[in-house]
Amino acid sequence: MAIHLARKAKRTGGQNSPLVISLTKLIGRHEDGLAGLAERLQEAGLGAAMNSWVGRGENIPVRACALRTALGEVFYGKLVRRLDLDPVDAGEVLAEIFPLAVDRMTPEGRIETPAPRAGLQAFFARIVGAPV
């Protein structure tokens, strides 16, 4: 059933389907963000696919097991739970919608690097006027 929803999302809503939007939010909240995930995919041999998802051309598909390995079991499990996916179909679903989510997050054809967050050390340094 879930794989059917992923394929339907791809055909009908594409980047604007609720499943893709939910995945986009989860990727954005990931500790390393999209840039960190892109690095992990590159290290796992999926760099060409990731680049195609970021770019404006055709998306290169990936195998479910390759994506799962690249994401790592912890993040993969988190996505499965948060998206309420059937564990049996989850790999295929994510392989279908991950390119759409990355497309949605990279409308300019590149990964935007978020500004560094000011940590507690920087906050206190500003208060006392010390360099960071």
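E31 is exposed, because its relative accessible area is 72%, and a residue is called exposed when this area is over 50%, buried when it is under 20%, and partly exposed in between, with a 1.4 Å probe and protein chains only. The model is a predicted one, in which local features need pLDDT of at least 70 and side-chain atom pairs count only at pLDDT 80 or more, while totals for chains, interfaces and linings use all residues. Residues are numbered from 1 along each chain as its sequence is written, and side-chain values use heavy atoms, with hydrogens and water left out.

Along the chain, E31 sits in the loop that runs between α2 (18-29) and α3 (33-43), where helices are DSSP runs (H or I) of at least four residues, strands (E) are runs of at least two, and both are numbered from the N terminus. Together with D32, E39 and E43, E31 forms a negative surface patch. Such a patch is made of residues with over 30% relative accessible area and no salt bridge, with like charges joined within 9 Å and nonpolar side chains (Val, Leu, Ile, Met, Phe, Trp, Tyr) within 5 Å; a salt bridge, in turn, is a side-chain nitrogen of Lys or Arg within 4 Å of a carboxyl oxygen of Asp or Glu.

A patch of positive charge can also be found on the surface, formed by K25, R29, K78, R81, R82 and R104. Two elements, α2 and α6 (73-82), give two or more residues to this positive patch, and α6 gives the most, with 3 residues. K25 belongs to helix α2, and K25 counts as partly exposed because its relative accessibility is 48%.

Following the chain into the loop between α6 and α7, the reader comes to D84. The phi angle of D84 is near 55°, which is a positive value in a residue other than glycine, and D84 counts as exposed because its relative accessibility is 69%.

Turning to the aromatic rings, a search of the whole structure finds 1 aromatic pair. The pair is formed by W53 and F98, is tilted, and has 6.1 Å from centre to centre and 55° between the planes; rings of Phe, Tyr and Trp (its six-membered ring) pair if their centres lie within 6.5 Å, and planes under 30 degrees apart count as stacked, over 60 as edge-to-face and the rest as tilted. Distant parts of the chain are linked by this pair, since W53 lies in helix α4 (residues 47-54) and F98 in helix α7 (residues 90-105), 45 residues apart. W53 counts as buried because its relative accessibility is 0%, and F98 counts as buried because its relative accessibility is 1%.

Notes
Accessible areas come from the Shrake-Rupley method with a 1.4 Å probe; for residues, only the protein chains shown count as cover. Lys and Arg count as positive and Asp and Glu as negative; His and the chain ends are not counted. The place of a charge is taken as NZ of Lys, CZ of Arg, CG of Asp or CD of Glu.
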